[in-house]
Amino acid sequence: MRLKTSLLKEPKHKELVSCVGWTTADELYSCSEDHQILKWNLLTNETGLVVRLPDDIYPVDLHWFPKTVGAKKQTQAEISALTSTDGKFHLVSKMGRIEKSVEAHKGAVLAGRWNYDGTALLTAGEDGQIKIWSKSGMLRSTLVSQGCPVYSVAWGPDSDRILYTSRRQLIIKPLQPSTKVIQVWDSFGRLLHSSTSQDYPITSLSWAPDGEMFAVGSFNTLRLCDKTGWSYALEKPNTGSVFNLAWSADGTQLAGACGNGHVIFAHVVEQHWEWKNFSITLTKRRTMQVRNVQNDAVDVLEFRDRIIKASLAFDHLVVATSLQCYVYNSRNWNTPLIFDLKEGTVSLILQAEKHFLLVDGSGLYTFSYEGRLTSSPKFLGMRADVLSAQAVSLSNDTIAIRDKSDEKVILFFDAMTGKPLSDGKPLTHKLEVLEVALDQCGPSSERKISLIDKNHDLYLTSVHHLGKEPKICKIGSMVHSMAWNDTANILCGIQDIQFTVWYYPSVVFADKELLPRTIYTKDGSEFSHAPHILSYVGTKVTLRQGDGSLVYSNVPLYSTLLHEYSASARWEDALRLCRFAKDQSLWACLAGMAMASRDLNTAEMAYAAIGELPRVQYINFIKEQPSKESSLAHMLMFSGHVQEAETTLLQAGLIYQAIQMNIDLFNWNRALELAVKHKTHVDTVLAFRGKFLQTFGRKETNKRFLQYSEGVEVDWERIQAKIEMELFKEREKAAHTSVRGSVASRHL
């Protein structure tokens, strides 16, 4: 990726240009110390004088009133805030008329910024003060008074805090007066990147609207950087110092205010996308080149309008231009499906196998690859303009969104209807969530989501929890990046200093003690500092290193085949694969998969192969159960779902089995409670309790047990006979049910 720059032969301004600001994606205003405001039209390449300012006004900063908030257009969008060296800020119309001038600071007003919805204006001055004003120019409050100039200031994304400079420090100050000031580099206090010393002082910096990259200006220097800090490209235009930088709203163009009177324009080219055997490059603003690396075939894709965003995955290329969306199938690059877009500022494209998601300033939209709008999820307080790939995830049936107003909350929506899932009840984690990712395979009812919280712990949970409290299981720590495989529910991540693959992360719900045995790790010494996973397609994982270079790592194919055999219940093939591979982690995966699918024979062989003899014995015990309900309950208990196991037995009327299960777990109070409630086997509970205490040489101290032991006689022979009778009845009932079922099937 690089910047393609353009400069006029002669500068339009006679003095240094101090600030620039976009009104639309093709219209820019520039202000200079020659007291002129010029309008630049990039479609017609025309430049015109808007107004000549009074001689005592020397512009410092320019910021246009926000055009839209969500889907609503602002009525005051034709106003800009222009700050100047005389201590004033001016509200200037698009025609150049000064609507209002306000005395704001002693000395120059060095910065002026509207918040995201235009309800407040923030100014910072040479006098060390930061003030908040209403949109009509009335002073609301003085936030900061310090002994040094405030050279730069910025709003937080929710307008609930500000970031400003104080000598060598950056300070984040919440607007709530009770909250303390924190001196940090990011919101969690970590320094994310520190560049080497540059040749000249850095005079400007501006983030792209989607937050994926930023531009840096210096003397005769323009640099494009990734959000993690490494540099995509370096340009050396003849501009003097670049005092101000501004991105267009769609993030495709950049304008710079130059010290020699020029306004420099740049647009992003040579972006790159890969999927399997296809490599796509953005060669010009309206042109892409597609290369098939298998046969070296090349296709050139031409577009009517400027390309804003693109995504290549699941054999489809989705391209959003300023007015339209193009959908290409990798089997045919000649006939794309085209439909119009309501908004031209698409900030994010996510793809799943069956559909894709577009995010723009007004909302989220799910489309099929045939171009049909399938859903548009909405929720209270939605801010589509701040959604990123880490905060949104898409699968074939589900959309997951981290709530911006409370980053501990994850909202789930049906991808086909846009309606909330789980009765509208969101998932709430105990800490703020940094990243979410949905798995891509399997039925909707088994959909899982992985999340990384601010402690960099990795968790897994089910999307559908049927009214119960969701079980959130921790599967890793110190995880900085993750990605699901496109064809199997295999998860990979950068964990501390190593590359880790969780072959079967869902094993935590079947037998959590197997999890460490289903993990594949690779030493991270082959990667440089802070690698980030871009994709996991087939067996290839693509990583971006801290210096911007791409590296690739391969994951053994056997785990993907094992998932395929398990999903189609081909257990014999799965066993043959494990015997052939002779890999203990595959046997552990197979044991978990078989238990999740309740195939006890396969599970028994897999557990035996990894030497888990106690589990083999328990599986044999499950097989010997007198009824299906008892077997199911013990399988649930095997997976740690004790409450569900007890409920299964009680619903089947197997009271004794429910009581015995609690006795086996030494859950004495619950066992006695069930016996008393159902008026059966109270003596059984007391007998086993007495035997337990006798083994440890202790006396009964529980008041309830003391109370019932006074009136109940314990006779082991009678208790044993009762137990045998209960098991006999259960076998009889199961046999009778089986006979009735076979007779009914013959009649059918």
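**Pockets, cavities and cysteines in a predicted model**

Helix H2 is the biggest contributor to the lining of the second largest pocket, giving five residues. The model is a predicted one, and this pocket is a handy place to start looking around it. Its volume comes to about 1400 Å³. The lining of the second largest pocket is made up of 39 residues, and those nearest its centre are Glu446, Lys448, Ser462, Phe509 and Ala596. H2 covers residues 558-567, and at least two lining residues also come from each of strand E45, helix H1 (507-511), helix H4 (584-596) and helix H7 (628-638). Sorted by class, the lining of this pocket has 15 nonpolar residues, 15 polar ones and nine charged ones.

Where does the second largest pocket sit with respect to the domains? The domain assignment splits the chain into domain 1 (2-189 + 204-269), domain 2 (270-344), domain 3 (354-477) and domain 4 (627-745). The pocket lies between domain 3 and domain 4, because both of them give residues to its lining. As for domain 4 and domain 2, their C-alpha centres are 65 Å apart.

Strand E45, one of the elements that line the second largest pocket, runs over residues 458-462 and includes Thr461. Thr461 is buried, as its relative accessible area is 0%. A polar atom of the Thr461 side chain lies 2.9 Å from the backbone oxygen of Lys471.

Another spot worth a look is Glu700, found in the loop that links helix H11 (682-695) to helix H12 (703-711). With a relative accessibility of 22%, Glu700 counts as partly exposed, because the buried class stops under 20%. Glu700 and Arg689 are eleven residues apart along the chain, and 8.8 Å separates their C-alpha atoms.

Enclosed spaces come next. Searching the whole structure turns up three cavities of 30 Å³ or more, and the largest cavity holds about 60 Å³ of space. Which residues line the largest cavity? The lining consists of Tyr29, Cys31, Ile37, Val50, Leu62, Trp64, Ser80, Val92, Ser93 and Gly96. Three strands each put at least two residues into this lining, namely E3 (27-32), E6 (59-64) and E10 (88-93). By class, seven of the lining residues of the largest cavity are nonpolar and three are polar, while none is charged.

The cysteines round off the picture. How many disulfides does the structure hold? The count is zero. In general terms, a disulfide is a covalent bond that joins the sulfur atoms of two cysteines. For Cys578, the closest cysteine sulfur belongs to Cys589 and is 8.1 Å away, which is too far for a bond, because a disulfide needs the two sulfurs within 2.5 Å. The view from Cys589 matches: this residue is in no disulfide, and the nearest cysteine sulfur is that of Cys578, at 8.1 Å. Buried or exposed, where do these two cysteines fall? Cys578 is buried, with a relative accessible area of 0%. Cys589 counts as buried too, at 1% relative accessibility.

Conventions:
Residues are numbered from 1 along each chain as its sequence is written. This is a predicted model: local features need pLDDT of at least 70, side-chain atom pairs count only at pLDDT 80 or more; totals for chains, interfaces and linings use all residues. Side-chain values use heavy atoms; hydrogens and water are left out. On a 1 Å grid over the protein atoms alone, a cavity is a set of points where a 1.4 Å probe fits but cannot get out, and a pocket is an open set with protein on both sides within 12 Å along at least five of seven lines; lining residues have an atom within 4 Å of a point. Grid points are joined across faces, edges and corners, and a volume is the space filled by probe spheres set on the points. Helices (H or I, at least four residues) and strands (E, at least two) are DSSP runs, numbered from the N terminus. Ala, Val, Leu, Ile, Met, Phe, Trp, Tyr, Cys and Pro count as nonpolar, Asp, Glu, Lys and Arg as charged, and the others, Gly among them, as polar. Buried means under 20% relative accessible area, exposed over 50%, partly exposed in between (1.4 Å probe, protein chains only). Domain bounds come from an automatic or database domain assignment. A polar contact is a pair of N or O atoms within 3.5 Å; within protein, one must be able to donate a hydrogen and the other to accept it, and residues adjacent in sequence count only if both atoms are side-chain atoms.
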